[in-house]
Amino acid sequence: MNAEFKNNKAYRLLNIYERLNAGENVVKRHLADEFGVSEKTIQRDLDEIRTYFYDNNQYETDAMIRYNRATNSYSLIRPERNCLTNTEILATCKILLESRALCKDELFKIIDKILLQASDTDRPLIKNLILSEYNGFVELKHKKKLLDPIWTLSECIEDCTVISFYYVRQDGKTTKKTVKPVAIMFSEFYFYLIAFTADDSKDYPIVFRIDRITDIKKENKKFFIPYRDRFSDSEFRKRIQFMYSGELKKVTFEYSGVLEAILDRLPTAKILERRGDTYLMTAESYGNGIYMWLRAQGDKAKIL
């Protein structure tokens, strides 16, 4: 960097601003030595940056530059709602890594951007805490980039646009689908498109894995769903197991396992009666996924 430019006031102000914005604690004496100016000059710089936040930053009106006597440094303090804390950054990175939702290229770019929200001082610690999972990350077998198709599908959902695409089934056969897209969900490694058939041949939502969708095309046709019939992501999620399509069913069963586990797994489950250590329960679910899960519980679950 040209020394003359580095000593320029505008450069100095921007440099200090970027450091504060990144969460770094700055010391007047160190900045004065670095830029070859007096500590009084640095103090005026900090005052000008403080004034900028107060007068001009409409999105961070509560942001302030605070002096810490213990460390003899200045830092930028924002309201918690405007930035992630270290614990939130760590938890978010771990969730993303454990989900294995995206290919390595897309996932690592997102994590690297999230880590930038941590200060220069704290970032190495957070990186170290996720280092093992980061280095040992294993992509799903399809290794496909999903962010762009997720965005394209989301636009079609928002615009109520009928779409067509080619879909590769589990048996490898490719078929063309024309549907009314209503939601995108994530469950156990995969993103799913939830849609209704364009010809209304089925009155229940169909589930498609997005990594198996290719050649998405927007049809020149809109669809309308009355407000009372609008698809509810949250209500659908309560009634879908393993993302299997099918009609809505009500299942009655006995369960003798850990009650908390089944109530978390089946949000629509209700206890009808308790018989010692066994619960008589009922739950609603789309498709046959609920039967698969209950049978997998062995002698702890009995479908009636």
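A disulfide is taken here as a pair of cysteine sulfur atoms within 2.5 Å. By this criterion, a search of the whole structure, which is a predicted model, returns zero disulfides. For Cys103, the closest cysteine sulfur belongs to Cys93 and lies 17 Å away, so the two are too far apart for a bond. Both residues are nevertheless shielded from solvent. Cys93 has a relative accessibility of 0% and therefore counts as buried, and Cys103, at 6%, also falls in the buried class.

A further cysteine, Cys160, is placed in the loop between α8 (147-159) and β3. Cys160 is partly exposed, because its relative accessible area of 25% lies between the 20% limit for buried residues and the 50% limit for exposed ones. The backbone of Cys160 adopts a positive phi of about 55°, although the residue is not a glycine. Most residues other than glycine have a negative phi. A second non-glycine residue with a positive phi is Arg100, for which the angle is near 55°. Arg100 is located in the loop that links α5 (86-99) and α6 (104-115), and with a relative accessible area of 25% it is likewise classed as partly exposed.

Among the helical residues, Ile42 belongs to helix α4, which spans residues 39-56. Ile42 is buried, its relative accessible area being 0%. Between Ile42 and Leu84 the separation is 42 residues in sequence and 28 Å in space, taken from C-alpha to C-alpha.

Two open sheets are described next. One comprises five strands in the order β6-β5-β4-β3-β7, with antiparallel pairing. Its edges are formed by β6 and β7, each of which pairs on one side only. From one strand to the next, the twist averages 50°. Strands of a sheet pair through backbone hydrogen bonds, in either a parallel or an antiparallel arrangement.

Within this five-stranded sheet, strand β3 covers residues 161-168 and is mostly covered, with six of its eight residues buried. On one side, β3 pairs with strand β7 (residues 213-222) in the antiparallel sense over five bridges. The register of this pairing is given by two positions: Thr161 stands opposite Lys222 in β7, and Tyr166 stands opposite Thr214 in β7. Strand β3 also pairs with strand β4 (residues 174-187), again in the antiparallel sense, over six bridges. Here Tyr167 is found opposite Thr175 in β4. The connection between β3 and β4 is a hairpin with five residues between the strands, and Gly172 in the turn has a positive phi of about 90°. In a regular strand the side chains alternate between the two faces of the sheet.

The largest pocket encloses about 670 Å³ of space. Elements contributing two or more residues to its lining are β4, β5 (190-197) and β6 (206-209). Of these, β6 gives the most, with four residues. The lining consists of 21 residues, and those nearest the centre of the pocket are Tyr167, Gln170, Val207, Arg212 and Met243. Tyr167 is thus both a residue close to the pocket centre and the partner of Thr175 in the pairing of β3 with β4. In composition, the lining divides into 11 nonpolar, five polar and five charged residues.

The other open sheet contains four strands in the order β9-β10-β8-β11, and the pairing is antiparallel. Its edge strands are β9 (270-275) and β11 (301-303), each pairing on one side only. Neighbouring strands of this sheet are turned against each other by 30° on average, with direction ignored. Strand β9 pairs with strand β10 (residues 278-286) in the antiparallel sense over five bridges, and in this pairing Arg274 stands opposite Tyr279 in β10.

Terms used: Residues are numbered from 1 along each chain as its sequence is written. This is a predicted model: local features need pLDDT of at least 70, side-chain atom pairs count only at pLDDT 80 or more; totals for chains, interfaces and linings use all residues. Side-chain values use heavy atoms; hydrogens and water are left out. Buried means under 20% relative accessible area, exposed over 50%, partly exposed in between (1.4 Å probe, protein chains only). Two strands pair if DSSP finds at least two bridges between them. On a 1 Å grid over the protein atoms alone, a cavity is a set of points where a 1.4 Å probe fits but cannot get out, and a pocket is an open set with protein on both sides within 12 Å along at least five of seven lines; lining residues have an atom within 4 Å of a point. Grid points are joined across faces, edges and corners, and a volume is the space filled by probe spheres set on the points. Ala, Val, Leu, Ile, Met, Phe, Trp, Tyr, Cys and Pro count as nonpolar, Asp, Glu, Lys and Arg as charged, and the others, Gly among them, as polar. Axes are lines fitted to C-alpha atoms, for helices over the stretch in contact, and angles run from 0 to 180 degrees between N-to-C directions.
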